[in-house]
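Biologist: Please show me the model, and then I will ask about its inner space and its sheet.

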Amino acid sequence: MNEERQHDDDLRIVEELKEAGIGIRKEISKVIIGQQDVIQQLLTVLLANGHALLIGVPGLAKTLLINTLSRTLDLKFSRIQFTPDLMPSDITGTEILEEDRTTGHREFKFIRGPIFANVILADEVNRTPPKTQAALLQAMQEHEVTAAGDSMKLDEPFFVLATQNPIEQEGTYPLPEAQLDRFMFSIYMDYPSRSEEIEIARSTTSVQEAVPEHILTGDDVKKLQQLVRRVPVADHVVEYAVTLARMTRPIEPDAPPFIRDRVSWGAGPRASQYLILGAKARAVLSGNYTPTPEDVRALAQPVLRHRIVTNFNADADGVTADDIITQLIDEMKAS
């Protein structure tokens, strides 16, 4: 009986979430012109309780987009500008010696760092040394920070969006593949279209300032994240996602020749998990009760692009990880 009631509640929440998703995109569109695919992918990651890497040149309103998303969800937003001199304590927080003026008693007090928020924008994460990157990655993985020997839980929901500038690579500390694997999605933010850029130029240089409204709360987001976990997935969808991830590995016996020829390392098991989790979240956002292979295909690029390491042959031919994923999906469709 309880299971039936839970099922009915879940179906009702799916319908409500579809409407909420439309509302969130509408509110964000008041501030951000275009970038609908990016917004959809950010919502998908958030509902799947993952983190994302956002790659785009400066001036594409990455910070404004994330800030606007947090405002529509009534979540606490924090922006951390990563620089070469940033220390781990600048992220997690630090202890200070505080004196009670009446008694003269001194004791250490922990001052929380900017990581104690719901939505974290880690701006230009590849500009800071590995030690500081590791502090962020620990928080992402464990949803807690360790300071002065104590572990402190972070506020939920907890969503990290790290940005990288694809142009300037001098003086940077690129994230190793093992650390890139912690990010559920790698989202590529492209230039706006001509018509969108005209609208951006018009709207951002006027007196009026758009203010997005709250659509969901932090508690709503937590409930929806639990709902995504409960979404059933058919066996053939799971097998499709696992096959897609495994086919990116050149050591796999069934890997296509172009994978063996152009890929050094393929995606690990975490990619399969994220393909299925992402497909669940995407399906629910669309008002569907279970994902299909189409949901998996739609998320193949953001899930796999940072998990495939191309070799010299690919680089010499100008073939990117995105090209390889597209070709792989086409071959799997044909077979």
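**Cavity and sheet**

Biologist: What is the make-up of the lining of the largest cavity: how many residues are nonpolar, polar and charged?

Modeller: This is a predicted model. The lining includes Leu17, Ala20, Gly21 and Ile24. Gly counts as polar here, whereas Leu, Ala and Ile count as nonpolar. The lining residues divide into nine nonpolar, one polar and no charged.

Biologist: How much space lies in the largest cavity?

Modeller: The structure holds one cavity of 30 Å³ or more. The space in the largest cavity is about 50 Å³.

Biologist: Which helix gives the most to the lining of the largest cavity?

Modeller: Two helices, H1 (2–31) and H2 (36–47), each supply at least two residues of this lining. With four residues, the one that gives the most is H1.

Biologist: In what order do the five strands of the open sheet lie?

Modeller: The pairing in this sheet is parallel. Strand S2 (77–81) and strand S9 (185–188) are the edge strands, each pairing on one side only. Neighbouring strands are turned by 20° against each other on average, direction ignored. The order is S2-S5-S8-S1-S9.

Biologist: Which residue in S8 is the bridge partner of Leu54?

Modeller: Strand S1 covers residues 52–55, and strand S8 covers residues 159–164. These two strands pair in the parallel sense over four bridges. In S8, the partner of Leu54 is Thr163.

Biologist: What angle does the direction of H2 make with that of S9?

Modeller: H2 packs on the sheet and touches S1, S8 and S9. Its direction and that of S9 make an angle of about 165°.

Technical notes. Residues are numbered from 1 along each chain as its sequence is written. This is a predicted model: local features need pLDDT of at least 70, side-chain atom pairs count only at pLDDT 80 or more; totals for chains, interfaces and linings use all residues. Side-chain values use heavy atoms; hydrogens and water are left out. On a 1 Å grid over the protein atoms alone, a cavity is a set of points where a 1.4 Å probe fits but cannot get out, and a pocket is an open set with protein on both sides within 12 Å along at least five of seven lines; lining residues have an atom within 4 Å of a point. Grid points are joined across faces, edges and corners, and a volume is the space filled by probe spheres set on the points. Two strands pair if DSSP finds at least two bridges between them. Axes are lines fitted to C-alpha atoms, for helices over the stretch in contact, and angles run from 0 to 180 degrees between N-to-C directions. Contact means heavy atoms within 4.5 Å.
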